[in-house]
Amino acid sequence: MYLICFFCVLNEFTTNKVIMMTSEECYGYEYLDEKDKEKIDALNNPKAVKVIDRFLKICKPAKVVVIDDTQEDINYVRQLSIDLGEEIKLEMPGHTIHYDSYFDQARDKGNTRLLVPVTEKEKYGTHINTIDRDEGLKEILDIMDGCMKGKLVVIRFFCLGPTNSRFSISALQITDSAYVAHSEDILYRKGYEQFKRLEGSEDFFYFVHSAGELTEKNVTKNIEKRRIYIDLEENRVFTVNNQYAGNSLGLKKLALRLAINKALKENWLAEHMFISAVYTLDKSRKTYFLGAFPSACGKTSTAMVPGNAIIGDDIVYMRVDKEGIPKAVNIESGIFGIIKDVNPKDDPEIYKALTSPCETIFSNVQITDEKPYWLGMGDDIEIPEIGINWTSSYLGEWKTGKKDEKGNELSFSHPNARYTLRIEELENADEALHDPDGVKVSAIVYGGRDSNTSVPVYQSFNWSNGVFVGAALESETTSATLGQAGVRKHQPMANLDFIVVPLGQYFQSHLNFVKEVKEENHPLIFSTNYFLKDENGKYYDEILDKKIWLLWAEGRVHGDYDAIKTPIGYIPKYEDLVDLFKGAFDIDYEKSRYEAEFSIRVGKFLDKFDRIEKFYANEKDMPEEFFFELEEQRKKLLEAKEKYGTDTISPFLFS
Ligand code: SPV
Ligand code: MN
């Protein structure tokens, strides 16, 4: 049945391709198939028609297919990714592998730019990558001219956030990559019917993507012309000559940027955060947490801590409801997660999903005999010496020991290799996953990769101090973006890569967010750091210790624990952590480890605050509260140093 269907589709595609490629005038909305034209007409949305018409004329594809919410159409896209060679089937039913170009293994920050009128450039400060709007539009429209020649284009409609909800934002995706259209099907909610509910409104986002010319290995050829240009004026993003999901998928980080701008205007928040339900050890209570961590700093694994339930691992919208309660939804319905270190011990839920039959796209891992292999998948798994992997599109078949152009040995699976799957496939998916009302946000956690400054967990003094903690977040760089790993960078709210509004205004929107919220409903804000190292460079924390820090924070939300007041915020008492480690893992949490981990390193914090001050020095309109908090923290740290006569203050000294 499936096979017959597939051949019909292929036949239709090839026949039309020949007809449509004969005349350049044939491109554009008026030349869509009757069936597809009807699908678009049924939306009753003149702007959507105009957008589709215009960009098909510019990009000049060979054939266009419009996908609605029916299973038949969705199956078509899934099969198309395989027919066009963008994905290859693996042994396990439902599993496929996709490769991005050797040079397209992470987000390209340098070539991702915000289109800004030249007269407004200054207000965006020094940390947002902008380009003059006219110049940028000209450049990218030139690249897009004919960029889809000979290709099949997929037009899809999605909904960011649950459908039928005050959080919902409709999105139109035009792409010449079946992999992109397929990934979005796993990661987002179907939106064709939701689009009809717009009743002709122009209030939607749209994204035009082209992988550009492909090599014979089906990866983007002209990487030097990779561009990702964000246009807030029209709520649209153009992205060309790339396939890596963080660059190509409109609905992911491209839509996040548009949403941050929309949220600022409409007084809500669009954040780079997970949502998960933290359960007490006896399972008698659950509390929803949001968490912001820069890429590859344990965000997905925090959202997936065993015993808790997940709603999302990457992006949330947060709004205050009519009763003055802060609520959040996951704008996605799937996970595009880092596969490195997913193993039965550290990430049991994901490991189970990745080793069972279900619709999963692996990307940039090693494949041998139709099986996937990745870094850190478990000590007892032997990695075959030959296969194909992320280097194959450029350097040929994989063999252990292969080196790059500089003679450095390459890894068999890329450190930023990923998996794409639906959250519903996970046994720990939370029941509120699609709740159109969202869930009550009780706590927010900010975490970075910090080897020598902060403690594993602390609670900020209040909301505005917590906004400062988020704004002051730093992290050592990882492989999730191009460029050198291990460099300490500022990562305000783990969102810097996506903030497209002046930073001062962005922080102000965080401060304003709780204005309509009663004090008792203000989410508590915590800071975590899983990456603190001892003097020998060894991490204090085991990977799953994050469960303890979350449990303590959950208890703080409900007033279960007293805490120690320090200059930076509240830290746990030793006895409470002893109980939690014992209860969760049956291990003895040693006093010496507590003392080492939870000492306040005054000098290191002061250094950090100096860096922060410099970082924001040229930003306009920074809220006064920010500098107030900065000065308060400095003052408290210096007072404590003076009082206790030491730069590294043991938690036992604070009374
Ligand atoms: C991240 O890097 O923050 C991700 C993956 O979540 S990407 O889609 O590349 O943004
Ligand atoms: Mn992310």
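Domain 1 and domain 3 touch through 15 residues of domain 1 and 13 residues of domain 3, where contact means heavy atoms within 4.5 Å. This is a predicted model, in which local features need pLDDT of at least 70, side-chain atom pairs count only at pLDDT 80 or more, and totals for chains, interfaces and linings use all residues. Residues are numbered from 1 along each chain as its sequence is written, chains are lettered from A and ligands numbered from 1 in the order in which they are written, and side-chain values use heavy atoms, with hydrogens and water left out.

The chain is assigned domain 1 (12-85 + 104-267), domain 2 (271-333 + 433-654) and domain 3 (336-424). These bounds come from an automatic or database domain assignment. The C-alpha centres of domain 1 and domain 3 are 28 Å apart.

The two domains bury about 1300 Å² between them, and carbon and sulfur atoms give 56% of that area. Buried area is the accessible area (1.4 Å probe) that two parts lose on being put together, summed over both. On the domain 1 side, Gln 105, Ile 186 and Tyr 244 lose the most area to domain 3, together 47% of what that side buries.

Polar links also cross the interface. The rule finds 2 salt bridges between domain 1 and domain 3. A salt bridge is a side-chain nitrogen of Lys or Arg within 4 Å of a carboxyl oxygen of Asp or Glu. Arg 422 and Asp 185 form a salt bridge through their side chains, at 3.0 Å from N to O. There are 7 residue pairs in polar contact across this interface, both residues at pLDDT 80 or more. A polar contact is a pair of N or O atoms within 3.5 Å; within protein, one must be able to donate a hydrogen and the other to accept it, and residues adjacent in sequence count only if both atoms are side-chain atoms.

Ligand 1 is surrounded by residues that include Tyr 244, Lys 252, Ser 295, Phe 336 and Arg 418. Here a residue counts if one of its heavy atoms lies within 4 Å of the ligand. Three side chains place a polar atom by an oxygen atom of ligand 1:

| Residue | Distance to an oxygen atom of ligand 1 |
|---|---|
| Arg 107 | 2.9 Å |
| His 272 | 3.2 Å |
| Asp 314 | 3.2 Å |
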